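Reader: Please take me through this model and state, for each term that you apply, the criterion on which it rests.

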Number of protein chains: 2
Amino acid sequence: MTTTGYALLGLLALRPWTTYELAQQVRRSLSWFWPRTERKLYDEPKRLVAAGYATAREEFTGKRKRTVYEITDSGRMALRDWLALPSAPPAMENEAMVRVFFADGGDVESLRATLAAMADGARARLAELEAMEGGEYPFPERRHISRLAMRLQQQQEQTMIDWATWASAEVARWDATAGPR
Amino acid sequence: MTTTGYALLGLLALRPWTTYELAQQVRRSLSWFWPRTERKLYDEPKRLVAAGYATAREEFTGKRKRTVYEITDSGRMALRDWLALPSAPPAMENEAMVRVFFADGGDVESLRATLAAMADGARARLAELEAMEGGEYPFPERRHISRLAMRLQQQQEQTMIDWATWASAEVARWDATAGPR
DNA sequence: GGATGAATACTGCCGTTGGCAGTAAGTAGA
DNA sequence: TCTACTTACTGCCAACGGCAGTATTCATCC
């Protein structure tokens, strides 16, 4: 079982879902700190069933079949055990920072554009998070936990904005990527 | 060509490296924002050579062979072009946050332990970054760019520490993961 | 001088993941 | 009825992670 498996098990602990709903829900919440492609979310629940952590049942909308997954008692126990284990350190994948780090291999305009895009992206994500906080939440009984997660994300986006603003100001004083005037 | 390929091309733009040195250097710098396993770093330069962006030459230490990679003019041009392209949004993989997000499926002690470990980890990484800043740097002419990257990393670790401290205080007021007292 | 352990310099293997494309049925509105 | 969007998936392949294994060189201790 991978972290992705336990992450989906965590969602199944809240209520039964179809894979499609699971994918939507992952995109809204989990993907902020555990991003996985939709493709994976169609394979993983099958493995949960194979491990005895979930059951699958087929439903029909006319001719179209859909699979609804539900957690088992064994799944809840496995989740509880997993939650007590130590975690791998966080990993940040930031293509824009690769461009910043090797900026002296290109034009100073490229660096300025990269920094501006970083700030814009962070502002957009922060706005999205704030919209989510304002909107209704499907599990009001877990709002206190959701708020913990949301807060870290907001603060990280804010950190990114602050840094990009500072970095842009630094770079504004450079003639070229070779360095300060 | 992948981002990983351009990242290594960026390092080759600084000086020629053996794969082993490349791996060390990636671990010290790049891996903060573009983490890749050592294994990958032995395959990727071969692809750079195939693309005409680098050359490989074999050297010997006694019987032991090693491969030294060097960037070509074509490689420098490719890097310059790539640096002007827009970047993918950042992705954060944080297993500990998955545990926080599903904390209501486990004991409140598990949550407290996860939060404490997050703070400890962030403090350790921050100390490492500060040690790096104090130590000597192999490319003094690019210290101004290196500082930009280092600063973001430091601020993100600090954000993590601040958040974990706040979250621990919140959770201290809970009897169980079910919520505030 | 010989043993030992760390550093150097890789390769093989396999399971996980990402990303794109493709298929097909249901649904809301013009 | 046509169209576009949503629902509900599957196939394929390249990228990637993680572990294990091989072989040589180098520094240190006894």
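**Sheets and the helices on them**

Author: Helix α3(B) lies across β2 and β3 of chain B and runs at about 130° to β2(B). The model is a predicted one, in which local features need pLDDT of at least 70, side-chain atom pairs count only at pLDDT 80 or more, and totals for chains, interfaces and linings use all residues. Residues are numbered from 1 along each chain as its sequence is written, while chains are lettered from A and ligands numbered from 1 in the order in which they are written.

Reader: What makes a stretch a helix or a strand, and what does the angle of about 130° describe?

Author: Helices (H or I, at least four residues) and strands (E, at least two) are DSSP runs, numbered from the N terminus. The angle is taken between N-to-C directions, from 0 to 180 degrees, of lines fitted to C-alpha atoms, for helices over the stretch in contact. Contact between two residues requires C-beta atoms, placed from the backbone, within 7 Å. A second helix, α1(B), lies across β1, β2 and β3 of chain B at about 90° to β3(B).

Reader: How do you know that β2(B) and β3(B) pair?

Author: Strands pair if DSSP finds at least two bridges between them. Eight bridges join β2 (residues 54-61) of chain B to β3(B), and these strands run antiparallel, so the criterion is met. One bridge partner of this pair is B:Lys65, for B:Phe60. The hairpin of β2(B) and β3(B) has two residues between the strands, and B:Gly62 takes a positive phi near 65° there.

Reader: Why are β1 and β2 of chain B called edge strands?

Author: The open sheet has three strands in the order β1-β3-β2, with antiparallel pairing. Both β1 (17-18) and β2 of chain B pair on one side only, which gives them that name. The join between β1(B) and β3(B) has two bridges, so it just satisfies the requirement of at least two. B:Thr18 stands opposite B:Val68 in β3(B).

Reader: What is the strand order in chain A, and which helix packs on that sheet?

Author: The order is β1-β3-β2, again open and antiparallel. The edge strands are β1 (17-18) and β2 (54-61) of chain A. A:Thr18 stands opposite A:Val68 in β3(A). Helix α1 (residues 3-12) of chain A packs on this sheet, touching β1, β2 and β3, with its direction at about 90° to that of β3(A).

**The two copies**

Reader: Why are the two chains described as related by a two-fold rotation axis?

Author: Superposition was by least squares on the C-alpha atoms of residues with pLDDT of at least 70 in both copies. A rotation of 180° with 0.0 Å of shift along its axis places chain B on chain A, with an RMSD of 0.1 Å. The copies are therefore related as by a two-fold rotation axis. In chain B, the C-alpha of B:Met92 is nearest that axis, at 2.3 Å.

Reader: How do you know that the copies meet through the same surface?

Author: The contact takes 53 residues from chain B and 53 from chain A. Of the interface residues of chain B, 100% are also interface residues in chain A, so the surface is the same. On the chain B side, α7(B) gives the most, with 12 residues. That side divides into 29 nonpolar, 14 polar and 10 charged residues. Here Ala, Val, Leu, Ile, Met, Phe, Trp, Tyr, Cys and Pro count as nonpolar, Asp, Glu, Lys and Arg as charged, and the others, Gly among them, as polar.

Reader: How many bridges join β4(A) to β4(B)?

Author: Three bridges join β4 (residues 91-93) of chain A to β4(B), in antiparallel sense. A:Ala91 stands opposite B:Glu93.

**The DNA strands**

Reader: What makes a residue count as near a DNA strand, and which residues are closest to strand D?

Author: Its C-beta atom, placed from the backbone, must lie within 6 Å of the strand. For strand D, 22 residues surround the DNA, the closest being A:Tyr20, A:Arg66, B:Arg36, B:Gly62 and B:Lys63. β3(A) gives the most to this surface, with four residues. The surface holds three nonpolar, nine polar and 10 charged residues.

Reader: Which residues come nearest to strand C?

Author: Of the 22 residues around strand C, the nearest are A:Arg36, A:Gly62, A:Lys63, B:Tyr20 and B:Arg66. β3(B) gives the most here, with four residues.
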